[in-house]
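Me: I am in my first year and would like a close look at one part of this structure, the largest pocket and what surrounds it. Please take me through it slowly, in connected prose.

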Amino acid sequence: MGIAVLVASRPGAIAAPTGRDVQAGKALFDRQCATCHGPGGRGDGPSAAGFATKPSDLADGRLMNSLPDEFLVNVIRHGGPAEGLAPTMPAFEKFLSAGQTQQIL
C-alpha cells in the first residue's frame, strides 16, 4: 500500500484520490521522498542514517492521521522549518507543483 493511499484516505483529506492520482503520487514519492523517508515511508531511506534527526515515519497513523492536510502541504512545499520541524527536510516548491504535492498526500 502506498503512502498516498494511507495519508489521502484519512478523514478530512483535501480531496479523494483517483487511481491515477495514487499512481502518480507513488511515483513522485519514490522519486522525491523515498531517499530519506524510505520506500514504505518509515523514515528508513538510504540517506536517513546520515541525519541527526531521523525522517518522520509517514506510515505511522498515530502521528500522521491527526495532522491537517494544510500542515503537510506546507512542510512539503516549504520544508521542515516552515512548521518548526527538522531543518533537514527540504522545500519542494521549486520541484513539485501544487497538484503534484496533492498527489503525494
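Reply: Thirty residues line the largest pocket, and those that lie nearest its centre are His37, Ser56, Leu58, Val75 and Met89. The model you are looking at is a predicted one, and the space in this pocket comes to about 610 Å³. If the lining residues are sorted by character, 23 are nonpolar, six are polar and one is charged.

It helps to ask next which helices take part in this lining. At least two lining residues come from each of helix H1 (3-8), helix H2 (19-32), helix H3 (34-37), helix H4 (61-64) and helix H5 (69-78). To place these helices in the whole, note that the protein chain has six helices and zero strands, so that, read from the N terminus, its elements run α-α-α-α-α-α.

The helix that deserves the longest look is H5, which gives the largest share of the pocket lining, namely four residues. Seven of the 10 residues of H5 are buried, so this helix is largely enclosed by the rest of the structure. The buried residues of H5 are Asp69, Phe71, Leu72, Val73, Val75, Ile76 and Arg77, and one of them, Val75, is also among the residues nearest the centre of the pocket. A general point about helices is useful while you turn the model: an α-helix has 3.6 residues a turn, so residues three or four places apart point the same way. Just after H5 comes Gly79, which has a positive phi, near 90°.

From H5 we can turn to the loop between H3 and H4, where both Gly38 and Gly40 are found. Gly38 has a relative accessibility of 0%, and because buried means under 20%, Gly38 counts as buried. Gly40, in turn, has a relative accessibility of 36% and counts as partly exposed. Leaving aside residues up to four places away in sequence, Gly38 touches Phe29, Cys33, Asp44 and Gly45. Each of the two glycines can also be compared with Asp57 by C-alpha to C-alpha distance: Gly38 is 19 residues from Asp57 in sequence and 9.0 Å from it in space, while Gly40 is 17 residues from Asp57 in sequence and 8.9 Å from it in space.

Further along the chain there is one aromatic pair in the structure. It is formed by Phe92 and Phe95, whose ring centres are 6.3 Å apart and whose planes stand at 70°, an edge-to-face arrangement. The label follows from the angle, because planes over 60 degrees apart count as edge-to-face. The two partners are covered to unlike degrees, since Phe92 is buried with a relative accessible area of 11%, whereas Phe95 is exposed at 57% relative accessibility.

Finally, the surroundings can be set against the chain as a whole. Of the 105 residues in the protein chain, 35% are buried, and the chain exposes about 6,000 Å², of which carbon and sulfur atoms supply 57%. If you consider the contacts between residues at least 6 apart in sequence, 41% of them join residues at least 24 apart. Returning to the pocket with this in mind, you can trace its lining through H1, H2, H3, H4 and H5, with H5 giving the largest share.

How values were computed:
Residues numbered from 1 in each chain as written. Predicted model: local features only at pLDDT ≥ 70, side-chain atom pairs only at ≥ 80, totals over all residues. Heavy atoms only, no water. Buried < 20%, exposed > 50% of the residue type's maximum accessible area, 1.4 Å probe, protein only. Contact = heavy atoms within 4.5 Å. Areas by Shrake-Rupley, 256 points an atom, 1.4 Å probe, with all protein chains shown as cover. 1 Å grid on protein atoms, 1.4 Å probe; cavity = no way out; pocket = protein on both sides within 12 Å on 5 of 7 lines; lining within 4 Å. Points joined across faces, edges and corners; volume = space filled by probe spheres on them. Nonpolar A, V, L, I, M, F, W, Y, C, P; charged D, E, K, R; others polar. Phe/Tyr/Trp six-rings, centres within 6.5 Å; stacked < 30°, edge-to-face > 60°.
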